[in-house]
Amino acid sequence: MNDFPWLSVLIALPLVGAVAVALLPRDRPTLAKQAAFGISAVVGVLAIVMATGFDSDGARFQFTEKYWWIKQFGVHWALGADGIALTLILLSVALVPLVILASWSDAERSGGVDGTAPKGSVKTYFALILALEAAMIGVFAATDVFLFYVFFEAMLIPVYFIIGFYGGPQRSYAAVKFLLYSLLGGLLMLVAVIWLFPLSAKPVSEGGLGHGTFLFTELNTMHVDPTTAKWLFLGFFVAFAIKAPMVPVHTWLPDAAQQSPAGALVLIVGVLDKVGTYGMLRFCLELFPGAAKWATPVVLALAVVSVIYGAVLAIGQVDLKRLVAYTSVSHFGFIVLGVFAMTTAGQSGAALYMINHGFATGALFLLVGFMIVRRRSARISDFGGVQKKAPVLAGLFLVAGLAGLSMPGLSPFVSEFMVLAGTFTRHRVPAIIATFGVVLAAIYILWMYQRTMGGPVREGNEGILDLTAREKWAVGPIIAVIIAMGVYPQPVLNIINPSVHHTLARLDRPDPAAKIHVAEKVAENGARP
Amino acid sequence: MKAEGVQAAAWLLIALPLAGSALLLLGGRRTDKWGHWLGTFATVASFGVGVAALVQMLGYDAEERHRTLHLWELFRAGGIKVDADLLVDPLSISFVLLITGVGSLIHVYSIGYMEHDPDRRRFFAYLNLFVAAMLLLVLGDNYVIMFMGWEGVGLASYLLIGFWQHKPTAATAAKKAFVVNRVGDFGLLIAIFLMFGTFGTVGFDQILGTGGEHHGLAAQLSTGTATAMGLLLLVGACGKSAQLPLQSWLLDAMEGPTPVSALIHAATMVTAGVYLIVRSGPIFEMSETARLVVTIVGAATLIAGAIIGTGKDDIKKALAGSTMSQIGYMTLAAGLGRPGYVFAIAHLIAHGFFKAGLFLGAGSVMHGMNDDVNMRHYGGLFKKMSITGATFGLGYFAIIGVPGLSGWFTKDGIIEAAYDKGGTSGAILGTCALVGAGITAYYMSRVMFMTFFGEKRWADGVHPHESPKIMTIPLVILAFGSVFAGGWLVLGGFGDFLAPVVGESEHDFKALSLAGVGTFVLMLAGVALAWWQYGARKVPREAPKGSFLTVAARRDLYGDAINESLLMRPGQWLTRLAVWFDGRGVDGLVNGIAAGIGGTSGRVRRLQTGFARSYALSMYLGAAVILAALLVVNVT
């Protein structure tokens, strides 16, 4: 089975499915939903079967495939997954079927709120989600930098149409803003990507590879001259910072979040934005290690600002979806901090954080979506006392919220702890400031819970019903994963750790040693048990 | 050494209440009928395991009583490795028995107290969750596992303070408790990061050493690092144990149901800070400064809490001020180092009994008084509820330190240890503790007289009555503990029992010392003053205006006012500014740049309002053109 083109199939299947769903008759919306769910479920099962064959002690990239695509420009259809890519692919394929289940009726109402018919049909919505899934798997599986760029931009198209067709009242503005930001970043990255080709074509004596290529596994051995590397690093970094999103290029996210249907939002924030942090870890650090170290002070500062600024803004929001979007700005700050701390704990924690944040924020957005559908409003002040009317919804909302504030026992705690501890061992001040984010997280989550769920039942909330079976099946598995990975995260870390070692080896950054060693203690008290 | 026998099953201690909690939460309404019994059973069973583990421990020699239990590898990356390990040693087992023992009694009591609450099942689920988290806190064999329990009890506390979520005051108090605790956790987290950076590990064995000799890595700490680490740990302790300056949440926490106040906000959770300091003794021993700050915080809090206790007419808030004050004593003792550790823990356990008894007694009074908490509406209740009155009375004697009862043994020990520290600081700390004892006698006598004696002041529609047996039996057992626990611990070799953890120290109990006599005299003075004000005279139903000091005490010594003006208001202001800035400043700037690149802003607006699809397409075309151009330029 090792030669089976797993990743190509995982990309092709949802894409073919998207076309098939789009071709279904317009008057059979339920069939389109069922087909989309079925296809995404098959993709999920296939990915899990594939993942069981992953050997964490084996080669870095597994399930590799390589075919010429555009031979003249050295572009390959090259796929492969290391531990980090694998876990992100699994995150994507796990979330898509649940999102489809959760947004069963979302395509019938614009943004789930104002009751006007959306511009697109039901089948198109689900076809777009499948197309997005294909692009998301592709972007994590690509080991050719050019192919990565293609998937990176391809993701924009379905998201643009989802927001633009199925979003809230301000959907056009939000969709265009999203597209403008992304394209701006994408173009900068494109320049940098293409620049890599002539660099690699230089002879080995001049630091090139002797042949033009976009293959990541070759490019990450190349030595780019420092000045060029800085420019190229910036090209990649700005694109990823916009995607992540980091302060100050984060402002597209709250608007996109506010207008987007909740289900699609799970994929945008939970998965798509991870491409930003994943890209930093994979491309910025490994292709340009010197430039990455050069930029570290500024990046750490931006990351810390994102953590605190995002959290403060989350506290000040009056709209549920915007609030959760800003919490993500804060969380992405933690991830970037871990990536650029350049310690094993920091980077493993950051990679784990990407997965954990995907599930935790995914659950939170889904539940927020359920609340909005019920109340026909996303304004926090329109809610109140929901706990009395819908205790299961409130309970799950609290658990998802607690995951968002990194409660121990739930998965984000471990990753946040690792990021902060890993950062602290090298950069104390940024770590200490970022740690203050845990206090702010308690404020934004618990205040949101208090205003929506606590207090007496507020007018307009009397008729709020508890979760349906379908909704429980959409959120329940995510909550189960959050708890399981909070109690026993090591199996996932076993997959992630080897990839991180490769990155750190390329960076030539050994972890700082502890000041007082256990070894000394053994020497002094050798006789002690 | 590895745990064997019953101790190898120490995970059951945590798993039982955790399973109870999970069953009750997931089972939903189906478990309403018997949920409270399940919850109680889980805690009692956990207590049984705890007793068995203690019996096994007593069969070992002192140096073999340190037993660890490896469960699984929690996380590992590079040099950072954390295992889910438990530690059964004399210190942790003392807490286990306190938590599960007093916890069981409070579970039983709650069956009666919460009988008419439609959400009783959920209440027991949260109580079980608390017990599980608290046991994780004291049994964890490294700082990270301990921290998981530490945050877990914070969550349980949040859920239980806000149990009546429909009351806005309860919801606000719950949130406040969690947030203030998180400020403490901020310090504790950084302390743990500092340990990783300094030792490369967070394991108790490696850092603190075993056997009370403190040969761990902490012994090699530089003074500066030890001071930083100690003070950061203290910040954590202050948050959890409501010590100055993070005390403000505890009084509001009385919004929770009374059994919660008894279990979490008196007997167990709030003492976690003392546990943390005593457990981390080897770190504090490396820094004179850190220890001094601990004693100052303890002394200041014991006075502040006692003063707050004098001004409250709400019986639960008076007791909450008292809790603050008593934990101040424990913190003071813990800061004294080896001479104080044993008294800190002994007082903690004795306090667990008498304060739990006092709170449950207050709950019993409220139960008979239609949930009225205002002592000015009580009076003469002893005749109406004599079991409650008698058990409350015994707790009262214990806390004010009547010779021979629990509080006398443990509190006098702390006062003497403070004087024994010597020097100016010893004299000041000892005097604070001494004066605190006098104020304690005053405010507790005030509670006693206002509640149980004098003439009745309750309204006509109120019919005070004794509580059912399921509530009074726990009261009787706790009263028994209030009388004997302290003496049994201090005279019964508790110091030797703890020595393998906290080290050997001199702790002979002096029944008659100068400090002891002074304490006794001040106690009598406090009782007499309270009698003169509240026993001999008529207590008005409405609170009089009061002096400057009374008003200050009623307003928690302005703790909330200070927080509000220093933190909350500026915080709100900052938030508003940030929201404004993000909309105008950052977004405006980026939009402006985008508009500048695209030409005039008008063109951008036009593009944004219509023909978005064709715009997207043109961008892609543009991208393709640039791509092609670059290829031509660079490749050739």
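**A walk through chains A and B of a predicted model**

Val487(A) belongs to helix α21 of chain A. In this predicted model, the residue is partly exposed, since its relative accessible area is 33%. Partial exposure here denotes a value that is neither under 20% nor over 50%.

Val487(A) also takes part in a nonpolar surface patch, in the company of Ile483(A), Tyr488(A), Trp11(B), Leu71(B) and Trp72(B); together these residues have about 530 Å² of accessible area. Two elements each give two or more residues to this patch, namely α21 (469-487) of chain A and β1 (67-77) of chain B.

Chain A also carries an annotated region. An unreviewed UniProt entry assigns residues 142-440 of chain A to the domain "NADH:quinone oxidoreductase/Mrp antiporter transmembrane". Over that range the chain is 78% helix and 0% strand, with 37 Å between the end C-alpha atoms.

The loop between α9 (226-243) and α10 (252-259) of chain A contains Pro248(A). With a relative accessible area of 40%, Pro248(A) is partly exposed. Its C-alpha is 8.2 Å from that of Leu302(A), although the two residues are 54 residues apart in sequence.

In chain B, helix α18 comprises the 30 residues 423-452. The distance from its first C-alpha to its last is 43 Å, close to the 44 Å expected at 1.5 Å a residue. Is α18(B) mostly covered or mostly uncovered? The helix is mostly covered, as 22 of its 30 residues are buried. Just after α18(B) comes Gly454(B), which adopts a positive phi of about 75°.

Conventions:
Residues are numbered from 1 along each chain as its sequence is written. Chains are lettered from A and ligands numbered from 1 in the order in which they are written. This is a predicted model: local features need pLDDT of at least 70, side-chain atom pairs count only at pLDDT 80 or more; totals for chains, interfaces and linings use all residues. Side-chain values use heavy atoms; hydrogens and water are left out. UniProt positions are given in the numbering used here, feature names are shortened, and annotations may be inferred rather than shown by experiment. Helices (H or I, at least four residues) and strands (E, at least two) are DSSP runs, numbered from the N terminus. Patches are made of residues with over 30% relative accessible area and no salt bridge: like charges are joined within 9 Å, nonpolar side chains (Val, Leu, Ile, Met, Phe, Trp, Tyr) within 5 Å. Accessible areas come from the Shrake-Rupley method with a 1.4 Å probe; for residues, only the protein chains shown count as cover. A salt bridge is a side-chain nitrogen of Lys or Arg within 4 Å of a carboxyl oxygen of Asp or Glu. Buried means under 20% relative accessible area, exposed over 50%, partly exposed in between (1.4 Å probe, protein chains only). The expected span of a helix is 1.5 Å times one less than its number of residues.
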